[in-house]
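Please look through the sequence and the model below before reading on, and keep both at hand while the text moves from one part to the next.

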Amino acid sequence: MKTTSTAPTALKLHLKTAVSQLLAMELDAPELPKVVQQIHSIFQEASQITGFDQKLEYLAAVPTTKGKALGLNHAAQCLLDYHRTHLFLKGMYQSIIQLLAKQKSPVHVCYAGCGPYAPFMNLIAVLFTPEEVQFTLLEINEHSLKAAQNTSIAFEHQAYVRAYFCADATSFSLPEATSYHLLFSETLDALLYRECYVPILANLLRQLPENTTVIPHNVTLQLSKAKTSLQEGGLDEQPLNELFNTRELLKKHQYELPAVIALQTIPLQTLSPTEYPFLIVDTCVHVTENLQLKRGSSSLSLALELQLAPENKQQRLQFQYVLSPEIELQCHYLPE
């Protein structure tokens with residue numbers, strides 16, 4: 001491991017101060033970016049990984065059995081998504097507090113896709129003792145996992161890690177699966193595109209206890225129609241219906257997902273395309289039941305806008321979620 005310029009105890013103290021500041025902030029606090037940037041700098045120093053290195057093994061995404069895992073650099077940069085980091089930390093902290101109130105044993109967290117910083121293990125570790133929380137780190141990228149090990153050593157957090165696994169979370173069989181209390185996986189993007197949140201949950205939740213806490217708690221896709229485009233502002237939009245609900249879909253298919261999941265087919269004329277020429281798909285990231293990323297506050301909650309063609313009003317719009325060969329939401333026009 002490369003040495004850092006700051007002693008581990010001082011690094012840990014700096015991290016704890018920043019984490020305490022972050023947890024005390026409101027969601028729209030103007031100081032939020034500055035504190036998250038400070039945390040990112042601490043992780044850079046601890047890991048000796050900037051997130052902007054040009055090594056080929058740091059740049060490449062890693063294919064899984066379903067979808068792709070981010071390359072090491074991109075995974076490191078995710079920490080700089082301010083609202084995402086803020087809400088995920090709050091959600092995990094609150095969930096662990098709730099679990100500790102119900103049990104005497106340590107809260108055992110499965111961290112699927114920990115990246116090179118294992119940020120939410122190291123952020124949480126400065127708030128609890130090893131007797132209160134334990135982590136199993138699961139990462140498909142061997143370079144990221146090695147970096148995560150080095151980062152935990154730099155912070156002197158080895159006692160919080162029960163095990164490290166270099167494996168594909170979409171197909172991995174968890175040893176002692178019944179010992180877990182919380183599943184955390186930040187492996188997602190807007191519209192649940194490309195990354196593995198859905199297949200990871202499909203694989204791991206069928207192994208874990210039924211009452212396992214999950215963060216993000218759920219991800220849904222919500223449809224609405226609008227009279228003006230997102231770029232024009234003043235959308236004058238009207239909510240329609242929920243297009244996709246990850247947790248409900250997993251239960252419906254009993255965690256065995258087909259390659260193509262049919263969602264909804266909507267007659268175009270029912271959308272009044274002349275009056276409402278724009279269709280908007282929002283990614284609703286429910287971090288917990290009470291915490292949700294708002295539209296545009298994070299890269300995870302960027303809205304997709306589709307412009308409807310009024311001359312196609314006799315056609316139908318078909319939505320489907322595809323898991324192979326690439327993970328993506330698809331929309332097609334079908335003849336009436």
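**Aromatic rings, a covered helix and an open sheet**

Tyr111 is a buried residue, since its relative accessible area is 0%, and burial is counted here as anything under 20%. The model in which this tyrosine sits is a predicted one, and Tyr111 itself belongs to strand β3, which covers residues 107-112. Which residue does the ring of Tyr111 pair with, at a distance of 5.1 Å between centres? The partner is Phe184, and because the planes of the two rings stand at 80°, the pair is edge-to-face. Phe184 lies in strand β6 (residues 182-184), so that the pair links distant parts of the chain, 73 residues apart. Like its partner, Phe184 counts as buried, at 0% relative accessibility. These two residues also belong to a wider group, for ring pairs link Phe88, Tyr111, Phe120 and Phe184 into a cluster.

A search of the whole structure finds 9 aromatic pairs, and another of them joins Tyr93 to Phe128, whose ring centres are 5.7 Å apart. Here the planes meet at 40°, and therefore the pair is described as tilted. Tyr93 comes from helix α5 (residues 82-100), whereas Phe128 comes from the loop between α6 (119-125) and β4 (133-139), so the pair ties together parts of the chain that are 35 residues apart in sequence. Are these two residues buried or partly exposed? Tyr93 is partly exposed, with a relative accessible area of 29%, while Phe128 counts as buried because its relative accessibility is 7%.

From single residues we can turn to the protein as a whole, which has 336 residues, 51% of them counted as buried. Its chain forms 9 helices and 14 strands. Among the contacts between residues at least 6 apart in sequence, 75% join residues that are at least 24 apart. On the outside, the protein exposes about 15,000 Å², and carbon and sulfur atoms supply 50% of that area.

One of the helices, α8, runs over residues 197-205 and is mostly covered, with 9 of its 9 residues buried. Among these buried residues of α8 are Tyr197, Pro199, Ile200 and Asn203.

How many disulfides does the structure hold? A disulfide is a covalent bond between the sulfur atoms of two cysteines. In this structure the number is 0. Among the cysteines, Cys110 is buried, with a relative accessible area of 0%, and Cys284 is likewise buried, with a value of 14%.

The last stop is an open sheet of 3 strands, arranged in the order β10-β13-β14 and paired in the antiparallel sense. Strands β10 (260-267) and β14 (328-334) stand at the edges of this sheet, and because each of them has a single partner strand, one side of each is left without a neighbour in the sheet. From one strand to the next, the twist averages 20°. Strands of a sheet pair through backbone hydrogen bonds, in either a parallel or an antiparallel way. The antiparallel pairing of β10 with β13 (residues 316-322) extends over 7 bridges, and to find one place in this pairing, the reader can look for Ala262, which stands opposite Gln320 in β13.

Conventions. Residues are numbered from 1 along each chain as its sequence is written. This is a predicted model: local features need pLDDT of at least 70, side-chain atom pairs count only at pLDDT 80 or more; totals for chains, interfaces and linings use all residues. Side-chain values use heavy atoms; hydrogens and water are left out. Buried means under 20% relative accessible area, exposed over 50%, partly exposed in between (1.4 Å probe, protein chains only). Helices (H or I, at least four residues) and strands (E, at least two) are DSSP runs, numbered from the N terminus. A disulfide is a pair of cysteine sulfur atoms within 2.5 Å. Contact means heavy atoms within 4.5 Å. Accessible areas come from the Shrake-Rupley method with a 1.4 Å probe; for residues, only the protein chains shown count as cover. Two strands pair if DSSP finds at least two bridges between them. Axes are lines fitted to C-alpha atoms, for helices over the stretch in contact, and angles run from 0 to 180 degrees between N-to-C directions. Rings of Phe, Tyr and Trp (its six-membered ring) pair if their centres lie within 6.5 Å; planes under 30 degrees apart count as stacked, over 60 as edge-to-face and the rest as tilted.
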